[in-house]
Amino acid sequence: MKENKILEKSVLCSDTVSLIIYSPVIAAKARAGQFVIVRASEEGERIPLTIAESYPSSGTINLAILKRGKTTNLLCSLNKGDYITDIAGPLGKPSEIEKFGTVCIIGGGVGIAPTVPIIKAMKEAGNFVISIMGARNCSGLIFEDSIKKYSNQYHVCTDDGSTGYKGFVSGFLTQYLNENPDKKPDRIVAIGPVLMMKAVCDVTSPFGIKTIVSLNPIMVDGTGMCGSCRVEVGGKTMFGCVDGPEFDGHLVDFGLLNSRLNIYCNEEKVSYDKYMEKHECKMKI
Ligand SMILES: Cc1cc2nc3c(=O)[nH]c(=O)nc-3n(C[C@H](O)[C@H](O)[C@H](O)COP(=O)(O)OP(=O)(O)OC[C@H]3O[C@@H](n4cnc5c(N)ncnc54)[C@H](O)[C@@H]3O)c2cc1C
Ligand code: FES
């Protein structure tokens, strides 16, 4: 079979699609936390996508894609039997997986997808895994079966309250940490929109819980050459693609990341305060 063929397509929710792609070299090497750079057509731009699942035995990888702009919409319009022009990877540093004790893995929106291999690997390393997943509504809670399978506890949050806790993952986390002072996680991993990751870091900082976030700066080559993925961590300039994408969230300059992400964006820029206000997420610690 030729590489990069789409073997399966499924609609995960209204704006998110999963593609199972035949890519045996990447499937054999991929580790939790890594991503690929994809080109959807000959003239197309390169975009980074996290490897949500990889199956070395069948030589396949699973990419979960949220429709945002041109390339993600084009990818989501492809069907079973179609080919993706290029897929380069696996790229980036794998997640740090070891036996920490209790780990809490938090996913938001399409950021739920990359938590799946991390949850699995953390469980296999002997951790007690608490998963907290958030979405706008219940249909956005993707990969539920895989997450439940590898989690000791599975909590869900929805913005509209259609299932689980009504509100943000950061609100639920605040409540959880306040109500369970004896069960403080040894490590937290949060993946999702920039403002969500910042909100989680603001919650965990006073508790002194190390919090890893997976950053999503604009990427072009994914190999440390173009510099477009520059982020500031602990006052130092780092490249998201080769030094990350995972970093210590308490050291990340989220304001800079957010403004760099909006450089080419026509969408209204949302400030952290407005975001929290809009979602009535009042954190009391
Ligand atoms: C390491 C990493 C892993 C990611 N994993 C996933 C994933 O698994 N699933 C998923 O749906 N999305 C993922 N993204 C985000 C995804 O790359 C962007 O949504 C996509 O590039 C948007 O391209 P577009 O042409 O559809 O949209 P555009 O209209 O071009 O852009 C929409 C917004 O997407 C962001 N964006 C655009 N181009 C890039 C780029 N080259 N690199 C990064 N961000 C960009 C910008 O914020 C931009 O404002 C990841 C990003 C990074 C950095
Ligand atoms: S994407 Fe070019 S240096 Fe990171």
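**Close-up views of a predicted two-domain model**

**View 1. An open sheet of seven strands with mixed pairing.** In this predicted model, the strands of the sheet follow the order β11-β10-β9-β8-β12-β13-β16. Its edges are formed by β11 (165–166) and β16 (246–248), each of which pairs on one side only.

**View 2. The pairing of β10 with β11.** Strand β10 (residues 153–158) runs parallel to β11, and two bridges join the pair. Thr158 lies opposite Lys166 of β11.

**View 3. Helices α3 and α6 packed on the sheet.** Helix α3 (residues 115–124) touches β8 (102–108), β9 (128–135) and β12 (187–191). The direction of α3 makes about 170 degrees with that of β8. Helix α6 (residues 194–204) is in contact with β8, β12 and β13 (211–214). Between the directions of α6 and β13 the angle is about 175 degrees.

**View 4. The two assigned domains.** The domain assignment places residues 5–91 in domain 1 and residues 102–278 in domain 2. Taken over C-alpha atoms, the domain centres are 21 Å apart.

**View 5. The side of domain 1 that touches domain 2.** Here 17 residues of domain 1 are in contact with 18 residues of domain 2. The elements of domain 1 that give two or more residues to this side are β1 (5–13), β3 (35–39), β4 (46–50), β6 (60–66) and β7 (86–91). Strand β4 provides the largest share, three residues. By residue class, this side of domain 1 comprises 11 nonpolar, four polar and two charged residues.

Terms used. Residues numbered from 1 in each chain as written. Chains lettered and ligands numbered in written order. Predicted model: local features only at pLDDT ≥ 70, side-chain atom pairs only at ≥ 80, totals over all residues. Domains from an automatic or database assignment. Contact = placed C-beta atoms within 7 Å. Helix = DSSP H or I, 4+ residues; strand = E, 2+ residues; numbered from the N terminus. Nonpolar A, V, L, I, M, F, W, Y, C, P; charged D, E, K, R; others polar. Pairing = 2+ DSSP bridges. Axes fitted to C-alpha atoms, helices over the stretch in contact; angles between N-to-C directions.
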